[in-house]
Amino acid sequence: MANALLQDNIMVANLEIVPGRRVRSHLGMVQGSTVRAKHAGKDFLAGLKNIVGGELKSYTELMQEARDEATRRMVEQAKSIGANAVLNVRYSATSITVGAAEILAYGTAVVME
Amino acid sequence: MDFILNFLDVFLFFGLLVLGFSVGRWKERRHYKSIREREAKYANILAFAVRYPPDVVTPQDCQLVAGSVVISSDYFKQIVAGLRTLIGGKLSSYESLLDRARREATLRMKEQAQRFGATLVINVKVESTTVSGGTRRGLPAMEVIAYGTALKPRVSPTTQA
């Protein structure tokens, strides 16, 4: 995620003020979201894993991928309106139905000096 | 033989209970050990929940860093918690679970910050979500994410640090 964002020349941060840099103009809110569902097989394995507890790696990966995708879409939107940074980024996750979740990333697109 | 078949579900229940207790406990200890080790390793990376950056004059490079983990409870904890809800009070079995998840997520965030080359992460937010969906026996799995902005002084010819 990190490297992809750097290549895009878009700065993503959850700050309102970036030290040493000034915001030239605000371009409004940008967002990106994705809905992901669990793989039935992986879900079954996770169910077994649940007996002994611990980290569910497949789910961690799933959520990570979803978050990357949401961030990528947000950055894409920011780029399309001519921003070079997205500030005050927030993540939020909601489960829609059983086994499916929506990941949302949103922030303010700005042009920085 | 009939006896075993008649009480198969009871045996299964206790089997799972013992398995969950022993393996879950072992895994928790191992996890805590690794958490402590890595916390010492990343002690030089500071994470703050302050919203505004410190008063510095040098321009900073910043980047969003995040760490997340999905963690599930073991069968034993689940049963204990289920019984505990009858009388209410402190669910210490789940407390340790979420504590582990939160520390793990923070550590992963710090790991990413280190890869970026930063030693300071500010505006850290920690959020948790249920990912279980409450299917079947209601797998209690939680996702914890920690994210913040990593700051590192910009090294450029114009600013002699």
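In this predicted model, chain A and chain B bury about 3700 Å² between them, with carbon and sulfur atoms giving 56% of that area. Buried area is here the accessible area (1.4 Å probe) that two parts lose on being put together, summed over both. On the side of chain A, the residues that lose the most area to chain B are Asn14(A), Asn50(A) and Ile51(A), which together make up 17% of what that side buries. In terms of contact (heavy atoms within 4.5 Å), 38 residues of chain A meet 48 residues of chain B.

A few conventions help in following the numbering and the values. Residues are numbered from 1 along each chain as its sequence is written, while chains are lettered from A and ligands numbered from 1 in the order in which they are written. Local features need pLDDT of at least 70, side-chain atom pairs count only at pLDDT 80 or more, and totals for chains, interfaces and linings use all residues, with side-chain values taken from heavy atoms and with hydrogens and water left out.

Polar and charged groups also meet at this interface. The rule finds 13 residue pairs in polar contact between chain A and chain B, both residues being at pLDDT 80 or more. A polar contact is a pair of N or O atoms within 3.5 Å; within protein, one must be able to donate a hydrogen and the other to accept it, and residues adjacent in sequence count only if both atoms are side-chain atoms. The side of chain A that touches chain B draws two or more residues from each of helix 1 (2-7), strand 1 (11-12), helix 2 (40-52), strand 3 (54-55), helix 3 (57-80) and strand 4 (85-97). Helices (H or I, at least four residues) and strands (E, at least two) are DSSP runs, numbered from the N terminus. Helix 2 of chain A supplies the largest share of this side, 7 residues. By class, the same side has 20 nonpolar, 10 polar and 8 charged residues; Ala, Val, Leu, Ile, Met, Phe, Trp, Tyr, Cys and Pro count as nonpolar, Asp, Glu, Lys and Arg as charged, and the others, Gly among them, as polar.

Salt bridges (a side-chain nitrogen of Lys or Arg within 4 Å of a carboxyl oxygen of Asp or Glu) number 16 over all chains, and 3 of them cross the interface of chain A and chain B. Arg67(A) forms a salt bridge with Glu143(B), with the closest N and O atoms 3.2 Å apart. Within helix 3 of chain A, Glu69(A) and Arg72(A) lie 3 residues apart, about one turn of the helix, and form a salt bridge with a closest N and O separation of 3.1 Å.

Turning to the sheets, two strands pair if DSSP finds at least two bridges between them. In chain A, 4 strands form an open sheet of mixed pairing in the order 1-4-5-2. Strand 1 and strand 2 (23-37) stand at the edges with a single partner strand each, so one side of each is left without a neighbour in the sheet. Strand 1 runs parallel to strand 4 and is joined to it by 2 bridges, Met11(A) being the bridge partner of Ala85(A). Strand 4 pairs with strand 5 (residues 100-112) in the antiparallel sense over 10 bridges, and one of the partnerships is that of Leu87(A) with Thr108(A). These two strands form a hairpin with 2 residues between them, and Gly99(A) in the turn has a positive phi of about 85 degrees.

A second open sheet, again with mixed pairing, brings both chains together: its 5 strands follow the order 3(A)-2(B)-4(B)-3(B)-1(B). Its edge strands are strand 3 of chain A and strand 1 (46-47) of chain B, each pairing on one side only. Strand 3 of chain A joins strand 2 (residues 60-72) of chain B in the antiparallel sense over 2 bridges, with Glu55(A) partnered by Ile71(B). At the other edge, strand 1 of chain B runs parallel to strand 3 (residues 120-130) of chain B over 2 bridges; here Leu46(B) stands opposite Leu120(B) and Ala47(B) opposite Val121(B).
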